[in-house]
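Dear colleague,

I am passing on the structure we spoke of, with some notes on what turned up in it. Please read them alongside the coordinates.

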Amino acid sequence: MARPRRTPACRPSPQITLTTVIDDGRLSRRHALGLLGALGLTATGLAGCSSGSSTTAATSPPTTADDVWAALAAGNERFAAGEPLHPHEDEAYRESLVDGQHPIACVLSCADSRVAPELVFDQGLGDLFTVRSAGEVLDDAVIGSIEYAVEHVAVPLVAVLGHAGCGAVRATVDVVRGGPAPDGAIGALVREIEPAVRAVPTSADDDAYLAACVEAQARGAAAALVAASPIVREAVAAGRTAVVAGVYDLESGRISRL
Ligand SMILES: [Zn+2]
């Protein structure tokens, strides 16, 4: 089903240093069109950032997972700058999704209320296949959800998103420093994060230490996802998808890809 297109808006290029955790996959034309729609862009808009018709057909879609990340980074830049487009939230767009979904990416983020992926990437309905767990901890339900996104929804990019000031990582730091284990199933979260925290050299600078642990957990979850899931691993090896990690800064609203 055709997606409604919107008039593109010129935006500056994202100022983010990129290093891929897993090599890039390639985008199908369907995903490329979905990407354009998620941005509110047409191919004409991408090529020249024109202000032409909102219904111009896409002719030169992006072809790599890097292009998807660029779209997400551009959305994050809009969000951080206080200029979000809030795409794909209206009734017509909602109705266009009734027969199926074509998200441009799967995002595994912390469950923290301040890190809602659709908001921080300035995306809308149908744009992101979102999986969330405190500290981006992997379990069978999380991995299975991501596998569904990779195998059946064919997302070309999986992004694992940690964030500054993560309470789950902070709780793990407290345990590693000799504190008591948390009650209930929270202890299971801590046990899953603990290897990443223990791999980070300790520091007297608490903020820097926590930030390093947050990065380690995001990178570790991305790597562990590929290691744990043959479905994801095979999709990466075949170039159908890529797995990357990033960290969201609460204060600036900006996401840095690790
Ligand atoms: Zn968190």
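**The zinc site and the sheet**

Cys110 is buried, since its relative accessible area is 4% and the cut-off for that term is under 20%; please bear in mind throughout that this is a predicted model. His163, at 0% relative accessibility, likewise counts as buried.

Both residues belong to the zinc site, where the protein donors are Cys110 through SG, His163 through NE2 and Cys166 through SG, lying 2.0 to 2.3 Å from the ion. Along the sequence, these donor residues follow the spacing C-x52-H-x2-C. Because Cys110 sits in the loop between β1 (105–109) and α5 (117–120), while His163 is part of strand β3, the pair ties together parts that are 53 residues apart in sequence.

Strands β1 and β3 also appear in an open sheet of five strands, which has the order β2-β1-β3-β4-β5 and mixed pairing. Its edge strands, each pairing on one side only, are β2 (128–132) and β5 (255–257), and the twist from one strand to the next averages 25°.

At the β5 edge, strand β4 (residues 242–248) runs antiparallel to β5 and is joined to it by three bridges; Gly246 has Arg257 in β5 as its bridge partner. Helix α9 (residues 206–228) lies across β4 and also across β3 (157–163), the helix running at about 165° to β4.

With best regards

Notes:
Residues are numbered from 1 along each chain as its sequence is written. This is a predicted model: local features need pLDDT of at least 70, side-chain atom pairs count only at pLDDT 80 or more; totals for chains, interfaces and linings use all residues. Side-chain values use heavy atoms; hydrogens and water are left out. Two strands pair if DSSP finds at least two bridges between them. Helices (H or I, at least four residues) and strands (E, at least two) are DSSP runs, numbered from the N terminus. Axes are lines fitted to C-alpha atoms, for helices over the stretch in contact, and angles run from 0 to 180 degrees between N-to-C directions. Contact means heavy atoms within 4.5 Å. Donors are N, O and S atoms within 2.8 Å of the metal (3.2 Å for Na, K and Ca); water is not among the atoms, so sites may look incomplete. Buried means under 20% relative accessible area, exposed over 50%, partly exposed in between (1.4 Å probe, protein chains only).
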